Amino acid sequence: MADLDVAVVGAGFAGIYAVHAFRSAGLTVRAFEAGGGIGGTWFWNCYPGARCDVESKDYSYSFSPELEQDWSWSERYPAQPEVLRYLNHVADRFGLWPDIQLSTRVTAATWDPGSSHWTVTTGDGQRRTARFLISAVGCLSAYQVPSLPGLETFAGPWYHTSRWPRDGADFTGLRVGLIGTGSTGIQVAPEIAAVAEHLYVFQRTANFAVPNRNRAVDPDWERAFKADYRTYRKQAQESFLGVPIPGTGRPALTEPAEDVQRTLMARWQAGGGMPFLGAYTDVLVDRAANDIVAEFMRDRIRETVADPAVAGLLLPRAYPVGAKRLCQSDDYFAMFNRPTVTLVDIRSAPVSSVAPSGLRTADAFYELDALVFATGFDAISGALRQIDVRGTGGVSLAGEWAAGPRSYLGVAPAGFPNMFIVTGPGSPSVLSNMVLSIEQHVEWIRDCVLHADARGHATVEATPSAEDAWMAHVTEVAYSTLFPLADSWYTGANIPGKPRVFTPYLGGVGPYRARCDAVAAAGYEGFVFS
Ligand SMILES: Cc1cc2nc3c(=O)[nH]c(=O)nc-3n(C[C@H](O)[C@H](O)[C@H](O)COP(=O)(O)OP(=O)(O)OC[C@H]3O[C@@H](n4cnc5c(N)ncnc54)[C@H](O)[C@@H]3O)c2cc1C
């Protein structure tokens with residue numbers, strides 16, 4: 001007999017809910033978490049300025065009506081410490097701690113067809129067996145530091161935003177270099193600029209950002225909103241992105257130009273990325289419509305940044321807006337009006353090396369006391385590929401994914417019986433409100449396991465043909481949009497040598513859920529039970 005019914009790898013939003021869901025279903029479960037605390041993204045990314053960019057009313061669990069009524073968020077977009085407090089509250093409230101093992105990295109997981117068990121090996125050499133293996137390792141948890149010659153010689157401290165010191169980093173009076181201007185770089189930069197003697201922002205790609213218009217949650221609004229939270233959650237489940245967004249429902253290209261500008265401005269003033277991009281139906285599928293929105297955003301940069309040369313460098317032109325994760329900030333562009341902030345264009349003059357006293361680019365040397373890397377993640381597949389996962393016949397998952405990650409329905413890789421991936425490749429994952437997508441996957445996986453158990457099946461496995469057909473569909477949908485036009489982490493373009501495959505599913509959260517439900521209703525079509 002296996003030690004456990006279910007072994008879960010990771011204890012972020014996904015692992016925490018998996019422990020609760022499986023335990024509530026009467027199964028034995030244990031989550032193994034590499035970090036010294038739970039929370040995943042919200043444990044590791046404790047850099048100043050870290051906050052979510054999906055509103056708190058959406059970016060929270062919906063599985064417990066009592067939890068959603070009792071918990072009050074302080075802000076529209078809460079900062080990292082508050083999200084982490086929330087996740088710890090969930091673990092306390094539902095008594096999850098006994099089934100979570102911290103500071104334990106899973107290094108290998110091996111399928112044994114004889115016993116129909118997975119053997120999970122952890123960094124301390126311990127082994128546990130489980131009937132089912134659930135990866136909750138996160139789409140954005142394998143962080144990336146660029147390999148810069150000489151980094152080891154740098155005399156000052158350097159940090160990656162996803163491994164920030166828990167007691168903080170003090171930049172007061174220092175000359176700081178920041179590399180990376182995506183969502184995280186844009187969040188951390190104004191915080192560093194507020195205290196540093198000088199901040200140098202090394203920019204390879206100029207990115208689009210919309211304002212958050214972050215604000216405290218008004219208690220009257222909260223009361224009124226919570227009165228019908230259940231209906232709202234249902235709308236979220238049926239929506240395209242996992243957040244109900246009242247769009248115009250029309251294409252921008254059929255609207256009079258001045259109406260489009262008025263609509264975009266109203267949404268710009270209200271703040272938030274999803275409502276802004278979701279205003280018109282054609283923005284992410286038609287380049288001409290996309291250009292209208294992109295130019296609107298460039299105009300906002302031109303009117304915010306005083307120096308036209310700096311503004312010019314900040315204008316995003318390399319990709320359609322929305323095809324890379326849309327950044328959100330209330331103060332990033334205005335920060336460049338400070339005399340103590342310098343934008344350095346490393347597209348035209350790349351960083352060549354690090355020296356003890358600073359950074360060398362193709363045309364200059366910058367004296368620095370500290371370096372910050374906001375250089376992101378080996379997304380979607382990176383954390384899982386770091387584990388030696390062996391399926392039927394000892395086949396390695398990393399090997400199977402050499403040409404790009406894949407799985408049936410974004411949840412089950414063929415050739416790996418009794419293994420499921422929460423928000424895996426081929427699911428809406430990073431292009432949705434992830435908490436909602438996580439809940440949907442965990443509940444679907446739990447129901448699939450219970451289905452197998454109820455019928456006395458020891459194994460459940462996706463068929464290769466179902467996986468092939470699903471991934472072909474994922475690709476077809478992606479290529480009907482503008483997303484593949486960007487060199488983004490969605491495609492693996494940020495990792496040297498990684499195959500470029502667009503794996504998030506763009507068919508919409510609601511239709512995706514309906515498809516998963518239909519597969520289950522048809523007796524888990526595309527899966528083989530034995
Ligand atoms: C700064 C930042 C802001 C974000 N904001 C939003 C937002 O506003 N809205 C949104 O929808 N999404 C956002 N995301 C995406 C975010 O990752 C997800 O919303 C969500 O937190 C993912 O939860 P998870 O449990 O799937 O993964 P994670 O939170 O990444 O947790 C995975 C856990 O698995 C652990 N792990 C990995 N490998 C192993 C191993 N081998 N052994 C043991 N443990 C392991 C990791 O240590 C980690 O704790 C953001 C991401 C970042 C980085």
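Helices are taken here as DSSP runs of at least four residues, numbered from the N terminus. In this predicted model, helix H6 spans residues 219–226 and holds both Asp220 and Arg223. The two residues form a salt bridge in which the closest N and O atoms are 2.5 Å apart. Because they sit three residues apart in the helix, about one helical turn separates Asp220 from Arg223. Arg223 counts as exposed because its relative accessibility, 57%, lies on the exposed side of the cut-off, over 50%.

This pairing belongs to a wider set, as the structure holds 30 salt bridges. A helpful contrast to the helical pair is offered by Arg325 and Asp53, whose side chains meet with an N to O distance of 2.8 Å. Here the partners come from distant parts of the chain, 272 residues apart. Arg325 lies in the loop between helix H11 (308–314) and strand S11 (327–328), while Asp53 belongs to the loop between helix H2 (41–44) and helix H3 (65–70). Arg325 is partly exposed at 28% relative accessibility, whereas Asp53 is buried at 17%.

Another salt bridge joins the side chains of Arg385 and Asp378, at 3.4 Å from N to O. Arg385 is partly exposed, with a relative accessible area of 32%, and Asp378 is buried, at 9%. Salt bridges also connect Glu55, Lys57, Asp58 and Arg76 into a network.

Turning to the interior, nonpolar side chains in soluble globular proteins tend to be buried together. The largest nonpolar core of the model has 82 residues. Within this core, the residues with the most contacts are Phe13, Tyr61, Phe420, Trp444 and Phe527. Helix H15 (residues 434–454) gives the most to the core, contributing nine residues. A second, separate core has 33 residues, among them Val201, Leu315, Val341 and Ala374. The surroundings of Phe13 are worth a closer look: leaving aside residues up to four places away in sequence, Phe13 touches Trp42, Tyr59, Tyr61, Val83, Tyr86, Leu87, Val435 and Ile438.

The model also contains pockets, and the second largest has a volume of about 850 Å³. This pocket is lined by 37 residues, of which Phe240, Leu241, Leu277, Gly278 and Leu284 are the closest to its centre. Helix H9 (residues 273–277) supplies the largest share of the lining, three residues. Sorted by class, the lining comprises 22 nonpolar, 12 polar and three charged residues.

Technical notes. Residues are numbered from 1 along each chain as its sequence is written. This is a predicted model: local features need pLDDT of at least 70, side-chain atom pairs count only at pLDDT 80 or more; totals for chains, interfaces and linings use all residues. Side-chain values use heavy atoms; hydrogens and water are left out. On a 1 Å grid over the protein atoms alone, a cavity is a set of points where a 1.4 Å probe fits but cannot get out, and a pocket is an open set with protein on both sides within 12 Å along at least five of seven lines; lining residues have an atom within 4 Å of a point. Grid points are joined across faces, edges and corners, and a volume is the space filled by probe spheres set on the points. Helices (H or I, at least four residues) and strands (E, at least two) are DSSP runs, numbered from the N terminus. Ala, Val, Leu, Ile, Met, Phe, Trp, Tyr, Cys and Pro count as nonpolar, Asp, Glu, Lys and Arg as charged, and the others, Gly among them, as polar. A nonpolar core is a set of buried Ala, Val, Leu, Ile, Met, Phe, Trp, Tyr and Cys residues joined through side-chain atoms within 4.5 Å. Buried means under 20% relative accessible area, exposed over 50%, partly exposed in between (1.4 Å probe, protein chains only). Contact means heavy atoms within 4.5 Å. A salt bridge is a side-chain nitrogen of Lys or Arg within 4 Å of a carboxyl oxygen of Asp or Glu.
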